[in-house]
Structures are given as structure tokens and as C-alpha cells.
Amino acid sequence: MSRIKEFTKGFIKENPTYVQVLGMCPTLAVTTSAINGLGMGLATTAVLTMSNVVISLIRKLVPEKIRIPIFIVVIASFVTMIDLLMHGFTYELWKTLGLFIPLIVVNCIIMGRAETFASKHGVFDSFLDGLGMGLGFTGSLVLLGSVREFFGNGTIFGYEIWKVKIFLEILPPGAYITLGLLSALFTYVGMRMKKRGETK
């Protein structure tokens, strides 16, 4: 796989949210608005990219039997840094996202990429994998948050777009319904891309 494909695979084809259905707790809980989705997505991207790089660097030094605890220590260290940075510089967003920032430690996207990719590949490829998957995750949360905010409050990023408000969109059922529809769209587009690639 070329490095461009490696970097972009998380955008649609292997999108962690809509295709792989990973990281559902923050996805459903914090996407009541686009800004919440952007904040959580960027925090996860930073942790994913940095932990992928470090795990790739130490992969040959880590004994096989204790690799998971060591991966968790690496990930938890970066989550703590991001948590403190957000507390210091984006306090209102940090308060809104609440418990979900520390819970990035156990986000299955990050553990999954550490185990299946960073522990088996070089530093630069792991960096691209982490950044691409993180940006795919961020885009997913911003898209879901924008749709829910648009239909629920009539705004996007706080700017009023229309007056109609469908309160259901802000509630948990709205998250599930919107996520299901977007997942179907991404799966359809991914299948079309795969079919087009096979016919070339």
C-alpha cells in the first residue's frame, strides 16, 4: 500500500467511526454540537499520532508478553498531557467534554492501531497511520456533530442557519439514528470505491 493510501485509508474506506464502528462512547456522547466533535476529534488525533510514533520506536524493545500494559502506559501519558493542555487553554471545552478526555486511554481506536499497526511498522508509516485515522475520526465527529446541531438547534458551530429545531436530534436517539444513516452512506461509498478499484 502506498503511503498516500496509508494516510487516507481512515477517511472513508476504513473510517474508524462509520465503517469500523470504533470509539462509539465519545462519538455518541459528545457530538451534540460540531465544536464538541472537533475538540474530541483533535484530542484523540494528537494522542493517536504521538502514541503510534512512540510505540513504533520501542516496538523491538518491548517483550511480547507485557506489550499491552506498556502500550497503555504510553497512551495514558499522552492523554494526561492533552488533558492538562485542554484544561489550561480550552477550559470551557474541557468542561463540556468532561470524563471523555481521560477515557481516551481506553479508546479502542488507539489501542487497535497500537496493536495492529504501530507495533509492526516503522516510525514514519505509524505516524501517517495515526494521523490519517485520527483525522478520519475527527471528520466523523464533526460531521455527526454538525448534522445533530443543525437539525437540533438550527446552528452549525454556533452560527444560526435556520429556525426549525428538531429536539430529537440532540437526544441519544438522534445520535443513533444519524450515526446509522451516515454509516450506511460511508459503507456504500466505500463499496463503490472498492468496486471501482477492482475494475481498473
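# A guided tour from helix α4 outward

Begin by selecting Met86, which is located in helix α4; helices here (H or I, at least four residues) and strands (E, at least two) are DSSP runs numbered from the N terminus. The structure is a predicted model, in which local features need pLDDT of at least 70 and side-chain atom pairs count only at pLDDT 80 or more, while totals for chains, interfaces and linings use all residues. Residues are numbered from 1 along each chain as its sequence is written, and side-chain values use heavy atoms, with hydrogens and water left out.

## Stop 1: Met86 and helix α4

Met86 is buried, with a relative accessible area of 9%. The terms are set as follows: buried means under 20% relative accessible area, exposed over 50%, and partly exposed in between (1.4 Å probe, protein chains only). Display the surroundings of Met86 next: beyond its neighbours within four places in sequence, Met86 is in contact with Gly39, Ala43, Tyr91, Leu93, Trp94, Leu97 and Ile101, where contact means heavy atoms within 4.5 Å. For a distance label, choose Met86 and Gly158, whose C-alpha atoms are 20 Å apart in space, with their positions 72 residues apart in sequence.

Then extend the selection to the whole of α4, residues 67–89. The 23 residues of this helix should span 33 Å at 1.5 Å a residue, and the end C-alpha atoms are 33 Å apart, which agrees. The expected span is 1.5 Å times one less than the number of residues. Which residues are buried in α4? They are Phe71, Val74, Ile75, Phe78, Val79, Ile82, Asp83 and Met86. Colour α3 (34–58), α5 (91–97) and α6 (108–118) to see what the buried residues of α4 pack against.

## Stop 2: salt bridges

Side chains of opposite charge can pair when their charged atoms come close. A search of the whole structure finds 8 salt bridges, each being a side-chain nitrogen of Lys or Arg within 4 Å of a carboxyl oxygen of Asp or Glu.

Remain on α4 and select Arg67 with Glu115; the closest N and O atoms of this salt bridge are 2.8 Å apart. Arg67 lies in helix α4 and Glu115 in helix α6, so the pair ties together parts that are 48 residues apart in sequence. Arg67 is partly exposed at 22% relative accessible area, and Glu115 is partly exposed at 21%.

Select Asp125 and Arg3 next, a salt bridge whose closest N and O atoms are 2.8 Å apart. Asp125 belongs to helix α7 (residues 123–153) and Arg3 to helix α1, so this pair ties together parts 122 residues apart in sequence. Asp125 has a relative accessible area of 22% and is partly exposed; Arg3, at 48%, also counts as partly exposed.

Now select Lys9 and Glu6, whose side chains meet in a salt bridge at 2.4 Å, N to O. Are these two residues buried or exposed? Lys9 counts as buried at 7% relative accessibility, and Glu6 counts as buried at 11%. Add Arg113 and Asp129 to the selection: Glu6, Lys9, Arg113 and Asp129 are linked in a network of salt bridges.

## Stop 3: the loop between α1 and α2

Move to Asn15, in the loop between α1 (3–8) and α2 (24–30). Asn15 is buried, with a relative accessible area of 1%. A polar atom of the Asn15 side chain lies 2.9 Å from the backbone oxygen of Phe11. Apart from its neighbours within four places in sequence, Asn15 is in contact with Lys9, Gly10, Gln20, Gly136, Ser140 and Phe186.

Val21 is found in the loop between α1 and α2 as well. Although not a glycine, Val21 has a positive phi of about 55°. Val21 is partly exposed, with a relative accessible area of 48%.

## Stop 4: the loop between β1 and β2

Select Phe157, in the loop between β1 (155–156) and β2 (159–160). Phe157 has a positive phi of about 55° and is not a glycine. At 37% relative accessible area, Phe157 is partly exposed.

## Stop 5: a nonpolar surface patch

Finish with a surface display of Phe151, Val164, Ile166, Phe167, Leu168, Leu171, Ile177 and Leu181, which make a nonpolar surface patch of about 720 Å². Patches are made of residues with over 30% relative accessible area and no salt bridge, with like charges joined within 9 Å and nonpolar side chains (Val, Leu, Ile, Met, Phe, Trp, Tyr) within 5 Å. Accessible areas come from the Shrake-Rupley method with a 1.4 Å probe, and for residues only the protein chains shown count as cover. Within the patch, centre on Leu181, which is found in helix α8 (residues 172–199). Leu181 is exposed, with a relative accessible area of 61%.

Conventions: Polar contact = N/O pair within 3.5 Å; in protein donor to acceptor, adjacent residues only side chain to side chain.
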